Structure formats: structure tokens, C-alpha cells
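This briefing is intended for a reader meeting the structure below for the first time. The points are grouped by topic.

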Amino acid sequence: MVKEIFISSTQKRQFIDITDKVLSLVRESGIESGICFLYVPHTTAAITINENADHSVQKDILKELEKIVPLDDNYSHSEGNAAAHIKSTLSGITQYFFIQDGEAKLGTWQGIFFCEFDGPRRRQVLVNVVNEDTTYEAK
Ligand code: ZN
């Protein structure tokens, strides 16, 4: 079943740590063994899994993305947020991780981050925790 995490307000460009919210949905599901799928239904945002111990990593990623995709580069898209669309595609709108013995198999230093590239906006992340028993087994 698809659940939603709502982010009531974002800043212009930022990473938001949603690890606790996601892990809470994993626990609520009661699923011992499976996969947690994460999906961002937006075109100027993304989701990533990366270091959550040192917050300067998130700043560095945002800073380097600015260099790769400048805010103004003679884009054709007239809405003025072409850079945010490109960063969304580069970073990706899906992630997943495995669940084993009821625990998320994330690395020690990994956190799950919603990536805002065109705020402030109200955003959401869709979460589907799938039981391993429902996956297809080849005969
Ligand atoms: Zn646009």
C-alpha cells in the first residue's frame, strides 16, 4: 500500500533528511523481509541516499550541481526553472532499499534525503513497503 510523506514547506534549494519518517513507515508496515520503494511525484525535486553524518556533504552536492547545471544558461523552457528540471533528472526521483529481519539495510552513514531544487513548495514522497513473499519466484 502506498503511503505519503508530506513536506509542508521547502526552501529554494535544500536537502531534507526524511530518514526517520521513512523508517517509521517501514516499522509500521510490520514487514520483516522486503523492499521499500520511494518515489517523488515532482519534476523539479528528487530523492537521494547519501551521507547523513556530516551535513556539509549535502551542501557540497548542491554546490556542485549548481556548477554542472547553472541557473541561467539560455534554456528553452520559459517557466524559468529549467535548471531545477535538469537537476531532478540527474539526481533521480526513485530510490529503494532492502529490509531484512525488520530492519532497513541502510549503510551506517546513509540517510534518505528529499532534494528540493525549485522551492519554496509543498512536496510529497510516496513510499511503498513491499513484502518479499509477494515477489515473483521463478520455477
Ligand atoms: Zn518548469
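In this predicted model, the zinc ion has four protein donors: His77 through NE2, Glu79 through OE, Asn81 through OD1 and His85 through NE2. These donors lie 1.9 to 2.2 Å from the zinc ion. The points below begin with this site, turn to the chain that carries it, and end with individual residues.

**The zinc site**

- Along the sequence, the donor residues of the zinc ion follow the spacing H-x1-E-x1-N-x3-H.
- The angles among the four donor atoms run from 89 to 151 degrees, and the site is irregular.
- The site does not count as tetrahedral because that class requires all angles to lie between 85 and 135 degrees, whereas the angles here reach 151 degrees.
- For four tetrahedral donors, the ideal angle at a metal is 109.5 degrees.
- Of the donors, His77 is partly exposed, with a relative accessible area of 35%.
- His85 is also partly exposed, at a relative accessible area of 22%; this value is above the 20% under which a residue counts as buried.

**Overall architecture**

- The chain contains three helices and eight strands.
- In sequence order, these elements form the pattern β-β-α-β-β-α-α-β-β-β-β.
- The C-alpha trace spans about 55 × 35 × 30 Å along its principal axes.
- Among contacts with a separation of 6 or more, 83% join residues that are 24 or more positions apart.

**Surface and charge**

- The chain has 139 residues, of which 36% are buried.
- Its accessible surface amounts to about 8500 Å², and carbon and sulfur atoms account for 49% of that surface.
- There are 14 positive and 20 negative side chains in the chain.
- The centres of the positive and negative sets lie 6 Å apart.

**Helix α3 and strand β4**

- Helix α3 comprises residues 82-91, a range that includes the zinc donor His85.
- The buried residues of α3 are Ala82, Ala83, Ala84, Lys87 and Ser88.
- These buried residues pack against strand β4 and helix α2, the latter formed by residues 56-68.
- Just after α3, Gly92 adopts a positive phi of about 95 degrees.
- Strand β4 covers residues 45-51 and contains Thr48.
- Thr48 is buried, its relative accessible area being 16%.
- Leaving aside residues up to four places away in sequence, Thr48 touches Phe15, Gln95, Gly111, Ile112, Phe113 and Cys115.

**Loops and backbone features**

- The loop between α2 and α3 contains Asn74, a residue that is not a glycine yet has a positive phi of about 60 degrees.
- Asn74 is exposed, with a relative accessible area of 77%.
- Asp101 is found in the loop between β5 (94-100) and β6 (103-104).
- Asp101 likewise has a positive phi without being a glycine, the value being near 50 degrees.
- Asp101 counts as exposed because its relative accessibility of 64% is over the 50% cut-off.
- Gly119 and Pro120 are joined by a cis peptide bond, with omega at about 0 degrees.
- Pro120 belongs to the loop between β7 (110-116) and β8 (123-131).

Notes. Residues are numbered from 1 along each chain as its sequence is written. This is a predicted model: local features need pLDDT of at least 70, side-chain atom pairs count only at pLDDT 80 or more; totals for chains, interfaces and linings use all residues. Side-chain values use heavy atoms; hydrogens and water are left out. Helices (H or I, at least four residues) and strands (E, at least two) are DSSP runs, numbered from the N terminus. Buried means under 20% relative accessible area, exposed over 50%, partly exposed in between (1.4 Å probe, protein chains only). Contact means heavy atoms within 4.5 Å. Accessible areas come from the Shrake-Rupley method with a 1.4 Å probe; for residues, only the protein chains shown count as cover. Lys and Arg count as positive and Asp and Glu as negative; His and the chain ends are not counted. The place of a charge is taken as NZ of Lys, CZ of Arg, CG of Asp or CD of Glu. Donors are N, O and S atoms within 2.8 Å of the metal (3.2 Å for Na, K and Ca); water is not among the atoms, so sites may look incomplete. Four donors count as tetrahedral if all angles lie between 85 and 135 degrees; four count as square planar and six as octahedral if opposite donors are over 155 degrees apart and all others between 65 and 115; anything else is irregular.
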